[in-house]
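Subject: Handing over the structure, with notes

Dear colleague,

Please find below the structure that I promised to pass on to you. My notes on it follow directly after, arranged by topic.

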Amino acid sequence: MTAFSVCLNAVVPIFLIMALGCLARHLGAIKRSDVPKLNKMLFRYFMPVMLFYNIYTSDLSSAVQPKLLIFAAAGVIVEFFLSLAYVMLTEKETAKRGVKIQGIYRSNFVIIGLPLATALVPGADAGAVVMLIAVVVPMFNAIAVVTLELFNGNKPKPLHIIADIFKNPLILGTIVGIAFLLLGIKLPDALLSTIKQIAGATNPMMLFMLGAFFQWGGIHKYVKDLVEVCLGRLVIMPGIFLTAAYLLGIRGIAFAGMIAIFGSATAIASFTMAQQMGGDDELAGDIVVSTSALCCFTMFAWSLVFKSLGVF
């Protein structure tokens, strides 16, 4: 029951913060029409700072396991192309395509990864999972930017898309974070503390906005899409990549990290990005809500299955 408890403890705060946003809307403190403008602020100023901080504070010298990192990076790329192929074959609406691809391949690794891994393997060195965060999260964000640029409803122009990618605030935050980390640039404590506080506030603010925007009617409107994405995100993708990780001999806390990467809910940031980059924002929000609600049960099931096979 450890896995279920950890997942539940990670997911309940998500829904409580969303409920607060929903309550604020019903009390008139915020209008649904205000959310895109506020999300624009988060997208341009808060999310890049959060990404910079996550990368800047990573320890690249800690617990480097080449096989694990290569598998995780290759897995994310393959996962993306599988999602792309499926959505291109089954979805005709351009605004939905980028959102569904992102919903299937991009997991909520940052929030649930380390807590789940350390809980499943008590006392183990979590450095390998921290290293995975440093590698996988920038990949998630870069691929999401490319995906949403490709399916934003405009006629694809390669040079224009490339320019937009490198002007994207999330890509800039990632690049600056990597540059500071590799060059060993040390920030003053006061500045780093400020960045840390902004980074810490970003996820709760995104959840609050999602709650203020969310409407139950969307669940019925997008039921087919949600079933497809939930199955892909929580059942099919983990089935493929966790089996591959098991066959490759990945064990212990490293395997727990694989469950977090390939089996957790869709990333919260996917809603904010979809709203700011021309995707179907209502569907994106419903995907976050649906996968977050179901992942407690599916991640528990995956943990139980592989624990019985002796991976922990």
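How far does helix α12 (residues 252-263) reach from its first C-alpha to its last? In this model, which is a predicted one, the 12 residues of α12 reach 16 Å, close to the 16 Å expected at 1.5 Å a residue. Helix α12 is also mostly covered, with 12 of its 12 residues counted as buried; among them are Phe255, Met258, Ile261 and Phe262, together with glycines such as Gly252, Gly257 and Gly263.

On confidence, the mean pLDDT of the chain is 87, and 93% of its residues reach 70 or more. Among the elements of the chain, α11 has the highest mean pLDDT, at 96, whereas helix α5 (residues 109-120) has the lowest, at 71. Phenylalanine 109 lies in that helix α5 and is buried, with a relative accessible area of 1%. The C-alpha atom of phenylalanine 109 is separated by 23 Å from that of glycine 21, the two residues being 88 apart along the chain.

Much of what I found concerns α11, which covers residues 223-247. At 1.5 Å a residue, the 25 residues of α11 should span 36 Å, and the end C-alpha atoms of the helix are 35 Å apart, which agrees with that expectation. The helix nevertheless bends by about 40° at glycine 232, and what follows α11 is glycine 249, with a positive phi near 90°.

The same helix contributes to a nonpolar patch on the surface, formed by Val78, Leu82, Val223, Val227, Leu231, Val235, Ile236 and Ile240, which together have about 630 Å² of accessible area. Two elements, α3 (66-90) and α11, each give two or more residues to this patch, and α11 gives the most, with six. Leucine 82, one of the patch residues, is found in helix α3 and is partly exposed, because its relative accessible area of 37% falls between the limits of 20% for buried and 50% for exposed.

Turning to charged side chains, the structure holds eight salt bridges. Side chains of opposite charge can pair when their charged atoms come close. Lysine 100 takes part in two such pairs: with glutamate 91, the closest N and O atoms are 3.0 Å apart, and with aspartate 225 the closest N and O atoms are likewise 3.0 Å apart. Since lysine 100 lies in helix α4 (residues 94-105) and aspartate 225 in helix α11, the latter pair ties together parts that are 125 residues apart in sequence.

Are the partners in these pairs buried or exposed? Lysine 100 and glutamate 91 are both buried, lysine 100 having a relative accessible area of 1%, and aspartate 225, at 4% relative accessibility, counts as buried too.

A further salt bridge joins the side chains of glutamate 228 and lysine 224, at 2.7 Å from N to O. Both residues lie in helix α11, four residues apart, which is about one turn of the helix. Their surroundings differ, however, because glutamate 228 is buried, with a relative accessible area of 15%, while lysine 224 is exposed, with a relative accessible area of 52%. Glutamate 228 and lysine 224 also belong to a network of salt bridges that links Glu91, Glu93, Lys96, Lys100, Lys224, Asp225 and Glu228.

Two exposed residues in other helices complete these notes. Tyrosine 45 has its place in helix α2 (residues 35-56) and counts as exposed, at 54% relative accessibility; although tyrosine 45 and threonine 202 are 157 residues apart in sequence, they are 9.6 Å apart in space, C-alpha to C-alpha. Proline 158 lies in helix α7 (residues 158-167) and, at 61% relative accessibility, counts as exposed. The C-alpha atoms of proline 158 and glycine 257 are separated by 35 Å, with their positions 99 residues apart along the chain, and glycine 257 is one of the buried residues of α12.

With best regards

Methods: Residues are numbered from 1 along each chain as its sequence is written. This is a predicted model: local features need pLDDT of at least 70, side-chain atom pairs count only at pLDDT 80 or more; totals for chains, interfaces and linings use all residues. Side-chain values use heavy atoms; hydrogens and water are left out. Patches are made of residues with over 30% relative accessible area and no salt bridge: like charges are joined within 9 Å, nonpolar side chains (Val, Leu, Ile, Met, Phe, Trp, Tyr) within 5 Å. Accessible areas come from the Shrake-Rupley method with a 1.4 Å probe; for residues, only the protein chains shown count as cover. A salt bridge is a side-chain nitrogen of Lys or Arg within 4 Å of a carboxyl oxygen of Asp or Glu. Buried means under 20% relative accessible area, exposed over 50%, partly exposed in between (1.4 Å probe, protein chains only). The expected span of a helix is 1.5 Å times one less than its number of residues. The bend at a residue is the angle between axes fitted to the seven residues ending there and the seven starting there. pLDDT is the predictor's confidence in each residue, from 0 to 100.
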